[in-house]
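Biologist: I should like a close look at a single part of this protein. Please describe one packing of two helices, and place that packing within the chain as a whole.

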Amino acid sequence: MTGRGRFITFEGSEGVGKSTQIQVAAEYLRNAGIEVVLTREPGGTPMAETIREVLLAPRDEPVHETTELLLMFAARAQHLNARILPALAAGKWVLCDRFTDATFAYQGGGRGVSMDRIAQLETLVQGSFRPDHVVLLDAPVDVGMARARHRGELDRFETEACGFFQRIRQTYLERAQSDRDRYHVLDASMSMEEVSGAVVALMGRLIQEHA
């Protein structure tokens, strides 16, 4: 395949299996002869990973919502320009564990930050650039959090109350409803094998679409 690569993001709240399923998608695409870059947010470059550590570390000092929001977009600006855009220009498909939808869901839905403020920063950092496809792994909050707790020690976000994650899930679903062509909602409460099957089927359709 030649030309610009595709940018596919994997979204969802805690414990929905993004890390597992993005690997499933990458393996399928590589077996189909597509060069794939796997990355994540916040993070994806050395500088952005440093910002990730600052964002996720539990701390006694309250983190102001604007501080959190600006750090997210600071990491994104570096990630986008240093890694994502060059890879797409080289014809690679970039699979990213979370992107700006997560900011609308977590900082907007979860924290109550103005959606307009987030949209302004989205335009500042990204211009008109948006993911080609968003894979939303959706599961009830109690299912996801039970899985997250099973993984071990929780980060600063994972220790939030249940209502925080309910708002995040609702925001994700509202965004998916607003653009059904670009968003692909998969039931992440199924078994891991069933979800993987759905991810593989979706990747097969996307290859056909962009052939």
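Modeller: From the N terminus on, the elements of the protein chain follow the order β-α-β-α-α-β-α-α-β-α-α-β-α, that is, eight helices and five strands (DSSP runs numbered from the N terminus, H or I of at least four residues for helices and E of at least two for strands). The model is predicted, so local features need pLDDT of at least 70 and side-chain atom pairs count only at pLDDT 80 or more, while totals for chains, interfaces and linings use all residues. Residues are numbered from 1 along each chain as its sequence is written, and side-chain values use heavy atoms, with hydrogens and water left out.

The part chosen is the packing of helix 3 (residues 65–89) against helix 5 (residues 115–126), whose axes lie 10 Å apart at an angle of about 25° (axes are lines fitted to C-alpha atoms over the stretch in contact, and angles run from 0 to 180 degrees between N-to-C directions). Helix 3 is therefore roughly parallel to helix 5, a term for angles under 35 degrees. On the side of helix 3, the contact (heavy atoms within 4.5 Å) involves Thr66, Leu69, Leu70, Phe73, Arg76, Ala77 and Leu80. Helix 5 contributes Arg117, Ile118, Leu121, Glu122, Val125 and Gln126. By type, the residues of this contact comprise eight nonpolar, two polar and three charged (nonpolar: Ala, Val, Leu, Ile, Met, Phe, Trp, Tyr, Cys and Pro; charged: Asp, Glu, Lys and Arg; polar: the others, Gly among them).

In the protein chain as a whole, 49% of the 211 residues are buried (under 20% relative accessible area, with a 1.4 Å probe and protein chains only). The C-alpha trace spans about 50 × 35 × 30 Å along its principal axes.

Definitions and conventions:
Angles under 35 degrees count as roughly parallel, over 145 as roughly antiparallel, 65 to 115 as roughly perpendicular and the rest as oblique. Buried means under 20% relative accessible area, exposed over 50%, partly exposed in between (1.4 Å probe, protein chains only).
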